[in-house]
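User: I would like to learn how the terms in a structure description are justified. Please take them one at a time.

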Amino acid sequence: MDVYEAIARRRDVRSEFNGSLVGEAQLWRVLEAAHCAPSVGNTQPWDFVVIQDRTVLSLFAEHVSGCRADFARSLPAERAATFGPIVVEGIEQAGTGVVVTYQSNRGGAHVLGRHTIDETGRLSVGLAIQNLWLAATAEGLGVGWVSFYRPEFLRGLIGVPPTVDVVAWLCLGPVTQLQTVPDLERFGWRTRRPLADAVHREAYRGDPAPS
Ligand SMILES: Cc1cc2nc3c(=O)[nH]c(=O)nc-3n(C[C@H](O)[C@H](O)[C@H](O)COP(=O)(O)O)c2cc1C
């Protein structure tokens with residue numbers, strides 16, 4: 001699969017994990033891809049905590065379910081009805097969680113490229129995640145990004161030190177198929193924008209897109 005095909009086929013996966021566990025060699029290949037990402041000042045500020053303990057997966061899934069319910073309660077009736085059938089995680093079905101963390105003090109006090117824009121550190125972690133996601137797609141695996149959690153809960157659950165932040169829980173596992181249309185579009189939550197609306201030439205033209 002070439003890179004354009006992987007980009008086009010990549011999907012956020014919740015319901016399509018087939019219940020078998022990712023192989024150890026595949027796991028290391030996708031982690032290697034993540035670890036090849038560019039990073040500000042070459043700080044490589046990420047770590048990857050691989051979780052396969054069924055008890056931990058179940059505890060995390062239970063916590064996420066509570067956060068999902070909180071979000072549902074915060075919605076107006078019409079949005080709540082649209083949100084109702086949307087699955088937001090496949091934590092236990094995937095069988096593997098990869099928690100990606102960010103260590104802001106990696107690289108010391110003088111990170112080349114971060115002195116005016118602190119968020120470049122976290123952005124670097126996002127790039128590692130995208131590498132992992134694309135590599136997983138090329139391997140025939142699915143990835144689902146879960147952010148319905150309270151960071152302090154996850155920190156406590158897996159023992160992340162206070163100087164390190166959790167950025168993402170990624171469900172990773174073999175899939176039956178990858179959907180061709182994102183779930184949020186299929187379930188009527190939000191559609192993709194046309195590229196032409198996102199591209200500006202020479203200057204930012206017009207008002208920002210409506211929310
Ligand atoms: C930062 C981030 C956080 C996300 N958190 C969640 C989440 O908690 N639950 C979920 O179902 N999907 C989550 N997603 C997946 C998005 O909903 C998904 O990427 C988007 O709907 C587009 O679908 P696609 O990835 O299949 O193209 C997240 C994606 C990103 C980039």
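Analyst: Two strands pair if DSSP finds at least two bridges between them. Strands here are DSSP runs of E with at least two residues, helices are runs of H or I with at least four residues, and both are numbered from the N terminus. The model is predicted, so local features need pLDDT of at least 70 and side-chain atom pairs count only at pLDDT 80 or more, while totals for chains, interfaces and linings use all residues. Residues are numbered from 1 along each chain as its sequence is written, and side-chain values use heavy atoms, with hydrogens and water left out.

User: How do you know that S2 and S4 pair?

Analyst: Seven bridges join S2 to S4, and pairing needs at least two. The two strands run antiparallel. One of the bridges links valine 98 to leucine 170 in S4.

User: What makes S1 and S3 edge strands?

Analyst: Each of them pairs on one side only. The open sheet has four strands in the order S1-S2-S4-S3, with antiparallel pairing. S1 covers 46-51 and S3 covers 141-146. S1 is joined to S2 (residues 96-102) by six bridges, and phenylalanine 48 stands opposite valine 100 in S2. S3 is joined to S4 by six bridges as well; there, leucine 141 has proline 174 in S4 as its bridge partner.

User: How do you know that helix H6 packs on the sheet?

Analyst: Contact means heavy atoms within 4.5 Å. Helix H6 (residues 120-138) touches S1, S2, S3 and S4. Its direction makes about 0° with that of S4; axes are lines fitted to C-alpha atoms, for helices over the stretch in contact, and angles run from 0 to 180 degrees between N-to-C directions.

User: Why is S4 called largely enclosed?

Analyst: Buried means under 20% relative accessible area, exposed over 50%, and partly exposed in between, with a 1.4 Å probe and protein chains only. Nine of the 10 residues of S4 are buried, so the rest of the structure largely encloses S4. The case of S3 is argued likewise, because five of its six residues are buried.

User: Why is glutamine 179 called buried?

Analyst: The relative accessible area of glutamine 179 is 18%, and the cut-off is under 20%. This residue sits in the loop between S4 and helix H8 (183-186).

User: What makes the link between glutamine 179 and glutamate 16 a polar contact?

Analyst: Their side chains are 2.8 Å apart in that contact. A polar contact is a pair of N or O atoms within 3.5 Å; within protein, one must be able to donate a hydrogen and the other to accept it, and residues adjacent in sequence count only if both atoms are side-chain atoms.

User: Which atoms of serine 147 and arginine 14 lie by the ligand?

Analyst: For serine 147, a backbone N or O atom lies 2.6 Å from a ligand oxygen. For arginine 14, a side-chain N or O atom is 3.1 Å from an oxygen of the ligand.
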